[in-house]
Amino acid sequence: RMISKNLIEVYFIVIHHSGVLNSEKDPTSINQWKSILKNHKKEFGKKYPWSISPYHFGIGKKGDIFTGQDENFFCIHAGEDYYNFRSLAVSFLGNFNIETMNDNQLNSGIDLVKDLMEKYKIPLERVLRHKDIVPTDCPGKNFPWERFSNKLVNIPQYKYDSIEFAYKLGWIKNLHSPDEPLDFGTFLTILKNFYEVIKNGY
């Protein structure tokens with residue numbers, strides 16, 4: 001039976017890492033990307049001749065964006081067909097269980113995902129990590145998910161700085177998201193903590 005190669009809809013964006021360590025010899029990650037495509041073709045070429053990549057986009061170590069599967073076609077990436085047929089797959093090249101991501105790669109990924117969110121009217125709740133769908137580490141324990149997801153919704157930096165400041169001084173007990181709604185009880189608790197700090201010497 002022929003499976004339709006077309007996506008049913010673009011409802012989610014799924015974030016991956018490639019799981020392959022970046023190497024000094026491949027500073028832009030282009031060789032890693034080429035080998036991902038080659039291995040994919042070897043595995044799925046016969047069954048799905050039109051399928052050229054497990055991802056729609058790859059983001060290299062220096063921030064280069066590599067295009068993979070056509071945006072209209074589904075990718076075999078999520079481990080779950082419901083999502084395969086309803087999502088775009090974006091992979092940050094590297095193994096973020098081991099290495100950490102640099103700003104060029106992160107910011108390039110943020111810009112790409114923001115554009116895709118706008119193009120397909122996808123809210124932040126539908127930008128998922130691979131591990132939100134199936135049991136996996138992907139996109140890696142070092143993936144800077146907080147920074148990444150916060151930047152997708154344009155919250156200015158000074159608000160994060162204020163939260164960190166209040167947390168360090170003990171006005172608040174947890175790091176909160178800047179756009180979190182504030183109820184009256186929480187507001188008074190912050191005032192009470194502030195008062196305690198002042199009373200006991202700043």
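**Questions on the model**

Biologist: In which helix is N84 found?
Modeller: Please keep in mind that we are looking at a predicted model. Going along the chain to residues 81–84, we come to the stretch that holds N84, and this stretch is helix α2.

Biologist: Is N84 buried or exposed?
Modeller: Leaving aside its neighbours within four places in sequence, N84 is in contact with L7, F74, C75, I76, H77, A78 and G79. Its relative accessibility is 4%, and the cut-off to compare this with is under 20%. Because 4% falls under that cut-off, N84 counts as buried.

Biologist: Which residue offers the backbone nitrogen that the side chain of N84 reaches?
Modeller: One of the residues in contact with N84, once its neighbours within four places in sequence are left aside, is A78. The side chain of N84 comes to 2.8 Å from a backbone nitrogen, and that nitrogen belongs to A78.

Biologist: Where is Q69 found, and which residue has the backbone nitrogen that its side chain reaches?
Modeller: Q69 sits in the loop between β3 and α2, and with 4% relative accessibility it counts as buried. Not counting residues up to four places away in sequence, Q69 touches W50, S51, I52, S53, Y55, H56, F74 and C75. At 3.4 Å, the side chain of Q69 reaches the backbone nitrogen of S53.

Biologist: In what order do the five strands of the open sheet stand?
Modeller: The pairing in this sheet is mixed, and β3 (65–67) and β5 (127–129) each have a single partner strand, so one side of each is left without a neighbour in the sheet. Neighbouring strands are turned by 25 degrees against each other on average, direction ignored. Reading across the open sheet, the order is β3-β2-β4-β1-β5.

Biologist: How many bridges join β1 and β4?
Modeller: Strand β1, which covers residues 12–17, pairs with β5 in the parallel sense over three bridges, and there I15 has R129 as its bridge partner in β5. With β4 the pairing is also in the parallel sense, and here H17 stands opposite F92. The number of bridges between β1 and β4 is six.

Biologist: Which residue of β4 stands opposite G58?
Modeller: The strands β2 and β4 run parallel and are joined by three bridges. Looking from G58 across to β4, the residue that stands opposite is S91.

Biologist: How many of the six residues of β1 are buried?
Modeller: F12, V14 and H16 point one way from β1, whereas I13, I15 and H17 point the other way, and all are buried. Strand β1 is therefore largely enclosed by the rest of the structure. The count of buried residues in β1 is six of the six.

Biologist: Which residues of β4 are buried on the side opposite S87, A89 and S91?
Modeller: Strand β4 is mostly covered, with six of its six residues buried. Both faces are covered, for S87, A89 and S91 are buried on one side, and on the other side the buried residues are L88, V90 and F92.

Biologist: Which element gives the largest share of the largest nonpolar core?
Modeller: This core has 29 residues, of which I13, I15, V90, F92, V113, V127 and F148 touch the most other members. At least two residues each come from β1, β2, β4, α3 and α4 (145–151). The largest share is six residues, and these come from α3.

Biologist: At about what angle does helix α3 run to β4?
Modeller: Helix α3, made of residues 103–120, lies across β1, β2, β3, β4 and β5. Its direction against β4 is about 175 degrees.

Biologist: How far does helix α6 reach from its first C-alpha to its last?
Modeller: At the start of α6, a side-chain oxygen of D183 reaches to within 3.0 Å of the backbone nitrogen of G185, and the helix is followed by G201, whose phi is positive, near 90 degrees. Helix α6 (residues 184–199) has 16 residues, for which 22 Å is expected at 1.5 Å a residue. Close to that expected value, the reach in the model is 22 Å.

Definitions and conventions. Residues are numbered from 1 along each chain as its sequence is written. This is a predicted model: local features need pLDDT of at least 70, side-chain atom pairs count only at pLDDT 80 or more; totals for chains, interfaces and linings use all residues. Side-chain values use heavy atoms; hydrogens and water are left out. Two strands pair if DSSP finds at least two bridges between them. Helices (H or I, at least four residues) and strands (E, at least two) are DSSP runs, numbered from the N terminus. Axes are lines fitted to C-alpha atoms, for helices over the stretch in contact, and angles run from 0 to 180 degrees between N-to-C directions. Contact means heavy atoms within 4.5 Å. Buried means under 20% relative accessible area, exposed over 50%, partly exposed in between (1.4 Å probe, protein chains only). A polar contact is a pair of N or O atoms within 3.5 Å; within protein, one must be able to donate a hydrogen and the other to accept it, and residues adjacent in sequence count only if both atoms are side-chain atoms. The expected span of a helix is 1.5 Å times one less than its number of residues. A nonpolar core is a set of buried Ala, Val, Leu, Ile, Met, Phe, Trp, Tyr and Cys residues joined through side-chain atoms within 4.5 Å.
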